[in-house]
Structure formats: structure tokens, C-alpha cells
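Visitor: I'm new to reading structures like this one. Could you walk me through it?

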Amino acid sequence: MDSFTGAFSEAFALILRGDSDLLEIVALSLRVTMTAVAVACVIGLPLGALLVVGRFPGRTALTVVVNSLMGLPPVVVGLLVYMMLSNSGPLGVLQLLYTPTAMIIAQAVLVTPIIIALSRQVIEDLYAEYDEQLRAMGMTRFAMVPTLLFDARFSLITVALAGLGRAIAEVGAVLIVGGNINHVTRVMTTTIALETSKGNLALALGLGIILIALALLVNAAVMSVRHSAARTAHA
Amino acid sequence: MLERVPVLIRKRVTDRKNRECMLRLRNVVFEAGGKRLIDGLDLELFSGTKTVIMGPNGAGKSLALKLIQGLLEPASGDIVRPNEGADFATAMVFQRPTLLRRSVEANLDHALRVCRVGRADRRHRVEELLELGNLEHLRKQPARRLSGGEQQRLSVVRAMASRPKLLLLDEPTASLDPAATAAIEALVNEAHQGGTKIVFVTHDAGQARRIGDEVVFLHKGRLCEQTPAEEFFEQPVSVEAAAYLAGRLVL
């Protein structure tokens, strides 16, 4: 029990002191995850919209596939990206394995289906509402995509934040492709796993507290977007 | 009785000298859910007149507008625009406006962009449209927070953004108060004076008298009569229209 309370007080001390190792790890986590979510949004939002306005055979099947890919196990994504990036893999020449870029790729792969599936749902509702009006204005279905994305902006921010929550808490994929190398690819989740197994509970706990605080922050952001004055005005 | 109607139409039809036929519907059929909702509609619309379409609920008035606008495809029949040029634009205003989740001026800017108006022109065209709709003071307001009357004014001037040759309005004032209705009618008259052909669906006989040059009366997806407005209200040709005006016609 002593070590339990001791770990907590040491963890808070690390946070308050602004421990440089801890800050470095938090900074890398945020950089990797935010870049991955940005990439996933750039790819996923237009694809989500295209799944709504597109009329092609297999569209429903593709929607089902994307929806089920939302539940991709991170370790499996890590394994697949590892196989792509390893020396014998098709992208081995890029020498990206065990770099933050590899971790960004893995998390982007993990989050993109979430962005596609959730944005498709949001945009489908808006499309049902706008379709007749926009067609009456002479717009083709594909020309509607930018209009739909812009007008769904407040809901799409919450979609992006959902992706962020998933990516930042994920450990399996970044561990496999990043390798948890000190000062290079060590992020919050991988550090927590490592330090816990080493018995260094203070650092693990400190990172855990920050991780939970970030999760709270993301959820608070979702709530505030949902209730923001701007959104209400454009409801 | 019905067999005689086409003959009578020819006698009573609006003076069409110097009028250009803008749109011709020939034996247009539209079906949905196994029901024939537009049943061989023949209709000619001429430039320069304000046409009011009347008829009971379910007569096919809204469907006719959507077919003309190209929002629906007829199952058979033709919709011909004899003199359609490159600049021929039609626009449509719905009973319930669907405004974008943007400010008033951003809604107009979007409509102009859809019509491929360049950035420099857009700015002063937005000003023109705001002025036309008496919406200058609301330019920064979220469009969907406007009152019903303001929303419909915005919806009408937005439709004007494409400088349409033909403006279709589907009961645009059905849920508006008299003042807001008058504002919409004024906008419609302004568009008419600017050379836009008006086709206006309404159930309101008073409104039809105020704005209509001619009345097209539909029943069960067919044309019953097309008569100058004054004559229509004095003495309609078809039994259906007479019954409708007396409040006795139901579908």
C-alpha cells in the first residue's frame, strides 16, 4: 500500500516538476496522434462523402466493410504496417520502420475507417436534407461534396475528435511499428506498458494521469463543440 | 364533359400573339409506387406571363414543377424547351426553404459560385441580391435563424442568383403571414418585370388573382384548363375548377 500511495505522489511530482523525459514522451504522443488524425481526416472525410453521393455497384457492401473496419484491432494494424515497412516488405526501401512516421502511418490506418464511417453517417443525414435544393440549383452529386463537408463541419469536428480519442489511447500498433525506442519512438501508452513491467510505477502512473486528462479534454471539447453558439446558430 | 375540355381550352386560352413558347409538356406521365400521379399532362408555357398553377391536394402541381425543373424524370412523354439557349436557366423555390448552415450572405455567395460567377463579380452580385430581398441588415446572421418570412425572401433571391429565365415557385407563401406573403409577391413581380417567366403554385385564390395572368388548373395529374386569370375566377371552363373554387372538389 505504501508503494501505491508513493507512486501517486511521485507521479504528481514528475508532472508538476515538468520532468523532461515525461514531457518528451507526451509531446511525441501528441505529434504522432494529431498528425495521424489529420491524415485520416484528409483521406476519410471526402471518402465518407463520396460513399454518400456515389452511385456504384457494391456501395452498400463497401459501407458495411468500412463500418466493420472501425473495430480493427490495433495489434493487427500494427502487424500489417510492420509487414509493409519491414526490410522485406514492399515499402522496406523507405526505411521507415521504428520511426515516428511509421507510427503515424499505423494510427492513420487505424483511424481512417472510423472517420469514413462516422462522417458518412453525418453526411448522409445532411444529404437527405439538401439533395433536392442543391439539385434544383443545378449541382451534380459530386459537386455537392464540398458543400456537404462544409455544412456538416460542426458534426465532423466531433468525428475527428472521436478518431483522436481512439488513436491516443492505442498501444498495440505503435508498439509494433515504433518499437518503443527511448527518445525516438516512445509514446505515452508504450511507456506505461514498459515502465509498469519494470516496476517503475511513478512514471507509468504520471503518464496514465496525463492520458486520462487528455481523454477528458477531448471529450470536453466534443461537448463544447456540440453546444457551441455557432453550432446552435446553424442548427 | 372531360372530352370537350381541350376544345374549350383552345377558345379560351390567353392571347399568345408575340408570346414565345418557353416550355412544352407533351403527354408527360410520372408514376411512383405503382400509381400514375401525372397522367398524360399536356401544357404549354409562354414567356412574359405569370402562370399560376392551381388544383386540389394531390393534383400533381408540385410534381409538375419538379418535372419541369428536372428533379424528376418522366416515365414517358417529352418536356421540350423550344428556344433553349446556353444561358437558359431555371430556378425553383420550395414551400419550405432549405438554407445552408451559413450566414445570409454566404448562402447567396454559394448560389453564385454554383452558377460560376467569378469572385470579383460575386461581391457586388451578393449586394444586389441582399438589397433586392431587403436583407442587408441580416447579412451576417445565420440563415437558419431568420424568421420564416426572411428565410423565404432569402430563398427567392437565392433562386434569382442564376438570373433564371424561368422561376418555379411551389407554394412559397403557404406558411407565411400576410406581410411576408406580400414581400414574396413583390419579389416575384420584380422578377417578372426583369423578364423572368413565373410559374407559381398556390391554393390561395386571392393570391392567384393578385399575381396570375393565367391559371393552369390540374386535377388527377391532368390539365383541366388553362385560362386567363380574370376569366378563370369569373367563369371557369371545367367542372372540376368550378367545383374547386366552390370548395367542393376533392381528389
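Guide: Sure! One idea to start with: two residues count as in contact if their C-beta atoms, placed from the backbone, lie within 7 Å. Also keep in mind that this is a predicted model.

Visitor: Okay, so which residues does A:Val81 touch, not counting residues up to four places away in sequence?

Guide: With that contact rule, we skip the residues up to four places away in sequence. What's left for A:Val81 is A:Ala102, A:Ile105, A:Ala106, A:Val109, A:Ala173 and A:Val177.

Visitor: Which helix of chain A gives the most to the largest nonpolar core?

Guide: That core has 129 residues, and A:Val81, A:Ala102 and A:Ala106 are among those with the most contacts inside it. One helix of chain A, covering residues 100–136, gives 20 residues to this core, and that's the top contribution: helix H5.

Visitor: Is A:Ala160 buried or exposed?

Guide: A:Ala160 sits in helix H7 of chain A, residues 153–168. Leaving aside neighbours within four places in sequence, A:Ala160 is in contact with A:Val37, A:Cys41 and A:Ile115. To count as buried, a residue needs 20 or more other C-beta atoms within 10 Å of its own. A:Ala160 has 23 of them, so it is buried.

Visitor: How many Å apart in space are A:Ala160 and A:Ala38?

Guide: In sequence, 122 residues separate A:Ala160 and A:Ala38. In space, going C-alpha to C-alpha, the distance is 8.2 Å.

Visitor: Where chain A touches chain B, which element of chain A gives the most residues?

Guide: Here 14 residues of chain A are in contact with 13 residues of chain B. On the chain A side, the elements giving two or more residues are H5 and helix H6 (144–151) of chain A. The one that gives the most, with six residues, is H5(A).

Visitor: What is the radius of gyration of chain B, and how does it fit the globule rule?

Guide: Chain B's secondary structure comes to nine helices and nine strands. For 251 residues the globule rule gives 18 Å, and chain B comes close to that, so it is as compact as a globular protein of that length. Its radius of gyration is 18 Å.

Visitor: Where in chain B does pLDDT stay under 50?

Guide: As a whole, chain B has a mean pLDDT of 90, and 90% of its residues reach 70 or more. One stretch stays under 50, and for that stretch the model has 16 contacts beyond four places in sequence. The stretch is residues 1–14 of chain B.

Terms used. Residues numbered from 1 in each chain as written. Chains lettered and ligands numbered in written order. Predicted model: local features only at pLDDT ≥ 70, side-chain atom pairs only at ≥ 80, totals over all residues. Core = buried A, V, L, I, M, F, W, Y, C linked by C-beta atoms within 7 Å. Buried ≥ 20, exposed ≤ 12 C-beta atoms within 10 Å, placed from the backbone. Helix = DSSP H or I, 4+ residues; strand = E, 2+ residues; numbered from the N terminus. pLDDT = per-residue confidence, 0-100. Rg over C-alpha atoms; globule rule 2.2 N^0.38 Å.
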